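Me: I should like to learn how the features of a protein model are read. May we take them one at a time?

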Amino acid sequence: MSDSKAAPTVVFEVLRFHPEKDKAPYLQQYSVPVTRGMTVLEGLTWIKEHIDSTLVWRSSCRMGICGSCGMFINGVPRLACNNQISHLHSDRISVKPLPNFEIIRDLVPDLESLFDRHRSVKPYLIRKDSHEQHHPVGEYFQSHQELINYIQFAYCIKCGLCLAACPTAATSDKFIGPQSLTQAWRYTIDSRDEGAGERAEQLYSSHGVYRCHFAGTCSQVCPKGVDPALAIQLAKKEAFVRAFGIRKQRRAARVAPPVENWVRNRDIPAPPTPTIEKSRA
Amino acid sequence: MRESRLWFWHILSAIVIVFLLGAHMGTMHMNTILNSLGLGSADPVDSVEVFRRSASPVFLVAYIVLLGSALFHGLYGLRSMLFELSLSKSVEKTIGGLCAFAGFALFGYGTYVAIVVYRMHGVQP
């Protein structure tokens, strides 16, 4: 950051690429005045409002929840919204789109490959009773401990930072990737799930957990502390346990029976009548 | 779960290699230490000594196990590296087949040599 106390500025070095106009991506520099607590995302917004309205990126919530603003900032995949410029300790901020993805334009990566991988591991609860799955009649029993087993892995916001940081994904398009493997593991260990066998085809395929080099960069860059590397190692351990029948397969959680003779708490107001029914009436 | 089994053998072979290479290092390169314990031989690379060891059933088993472990570990590792190059399924199958063929062929040849030398009963040709 500049030493000038009056107007501290940093230079944003942004990778630009317009597929219809440019033959190849190029770097463009912008000088941005920095205010206290200013994030990289706010810096980009300042550039768009004051210097270059053609600069394109993707963002939404501005508080590290939606996972839209993943970028390659000073050589590390990060969310632009929860990284303050002052915390980068540099007067030059390099901002590029996430590696391991195609560029749609400027800082917008094409996350389709991430979602394809995610879809391939069936990231939802699977029940053997298909009627029960499609016409649920109640909630499933789940203890606090059973929730703790997977909750860390359920914090994933699908930002793609782990896939951008993964050295295996950099060379292999077929590698399922840390995000999707973690989600496969998250549902496999959910006590309500019975789809472990279906997911195992992907999880333990020749492009699944065994292609992980355990570099651990996915866990380092994850903004939500999901720790995909841990999930992958636990999945490997589970494969060993299953192959040797060391532990019996658990039974999936039962559906809780409907509560009978219930009385509404008078302090809690009744829900409003559904508007769709009102309009029909 | 075929890949799980292959990966398990890959890890197991690594452990076996560590122990058997440790034994190799001890026998071949740390003989002065073993001599001081009364376990080593004067010159482990002397041909008489090599043939004497090869005539031992313990060394025969160790040679064959080390050969199998090293071949499996190396070829599975090679296959894993090549699989990371985003190849088509047919190319992957061919690579898998070639690795298996090379593994079995080299294992067969190496085992044959170890058995032939074992049957010489320590006598040089």
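Me: What covers the buried residues of α1(A)?

Reply: This is a predicted model. The cover over the buried residues of α1(A) includes four strands of chain A, namely β1 (9-16), β2 (26-33), β3 (70-73) and β5 (92-96).

Me: Which residues of α1(A) are buried?

Reply: Helix α1 of chain A spans residues 40-50, and its buried residues are A:Val40, A:Leu41, A:Gly43, A:Leu44 and A:Ile47. Viewed down the helix axis, these buried residues fall within an arc of 160°, so they line one face of α1(A). On the other side of α1(A), A:Glu49 and A:His50 are exposed.

Me: How is the packing of two helices described?

Reply: Two packed helices are described by the angle between their axes and by the distance between those axes. In chain B, helix α4 (residues 57-83) and helix α5 (residues 89-118) pack at an angle of about 165°, with their axes 10 Å apart. Because an angle over 145 degrees counts as roughly antiparallel, α4(B) is roughly antiparallel to α5(B). Their crossing is right-handed.

Me: Which residues make the contact of α4(B) with α5(B)?

Reply: From α4(B) the participants include B:Leu60, B:Tyr63, B:Ile64 and B:Leu67, while those from α5(B) include B:Glu92, B:Ile95, B:Gly96 and B:Cys99. Divided by class, this contact has 17 nonpolar, five polar and two charged residues.

Me: At what angle do α7(A) and α10(A) pack?

Reply: Helix α7 (residues 178-188) of chain A packs against α10(A) at an angle of about 55°, with the axes 9 Å apart. That angle makes α7(A) oblique to α10(A), and the crossing of this pair is left-handed. In α7(A), A:Pro178, A:Gln179, A:Leu181, A:Thr182 and A:Trp185 meet A:Pro228, A:Ala231, A:Ile232, A:Leu234 and A:Ala235 of α10(A). The residues of this contact comprise eight nonpolar, two polar and no charged.

Me: What sign does phi have in most residues other than glycine?

Reply: Most residues other than glycine have a negative phi. In this model, A:Lys122 has a positive phi of about 55° although it is not a glycine. A:Lys122 lies in the loop between α2 (112-120) and α3 (130-134) of chain A. Another case is A:Asp227, with a positive phi near 60°, in the loop between α9 (217-221) and α10 (228-243) of chain A.

Me: Is A:Asp227 buried or exposed?

Reply: A residue is buried if 20 or more other C-beta atoms lie within 10 Å of its own. A:Asp227 has 21 such atoms within 10 Å and is therefore buried. A:Lys122, with 18 other C-beta atoms within 10 Å, is partly exposed.

Me: With which residues is A:Ile103 in contact, leaving aside its neighbours within four places in sequence?

Reply: A:Ile103, found in strand β6 (residues 102-105) of chain A, is in contact with A:Phe17, A:Pro25, A:Pro97 and A:Pro109 once those neighbours are left aside. The C-alpha atoms of A:Ile103 and A:His18 are separated by 9.0 Å, although the two residues are 85 residues apart along the chain. A:Ile103 is partly exposed, with 18 other C-beta atoms within 10 Å.

Me: How many residues does the contact take from chain B and from chain A?

Reply: The contact takes 11 residues from chain B and 15 residues from chain A. On the side of chain B that touches chain A, α1 (2-29) and α4 of chain B each supply at least two residues. Helix α1(B) gives the most to that side, with five residues. By class, that side of chain B has five nonpolar, three polar and three charged residues.

Terms used:
Residues are numbered from 1 along each chain as its sequence is written. Chains are lettered from A and ligands numbered from 1 in the order in which they are written. This is a predicted model: local features need pLDDT of at least 70, side-chain atom pairs count only at pLDDT 80 or more; totals for chains, interfaces and linings use all residues. Axes are lines fitted to C-alpha atoms, for helices over the stretch in contact, and angles run from 0 to 180 degrees between N-to-C directions. Angles under 35 degrees count as roughly parallel, over 145 as roughly antiparallel, 65 to 115 as roughly perpendicular and the rest as oblique. A crossing is left-handed if the near helix is turned anticlockwise from the far one by less than a right angle, and right-handed if clockwise. Two residues are in contact if their C-beta atoms, placed from the backbone, lie within 7 Å. Ala, Val, Leu, Ile, Met, Phe, Trp, Tyr, Cys and Pro count as nonpolar, Asp, Glu, Lys and Arg as charged, and the others, Gly among them, as polar. A residue is buried if 20 or more other C-beta atoms lie within 10 Å of its own, exposed if 12 or fewer, and partly exposed in between; C-beta atoms are placed from the backbone. The arc is that of the directions from the helix axis to the C-beta atoms.
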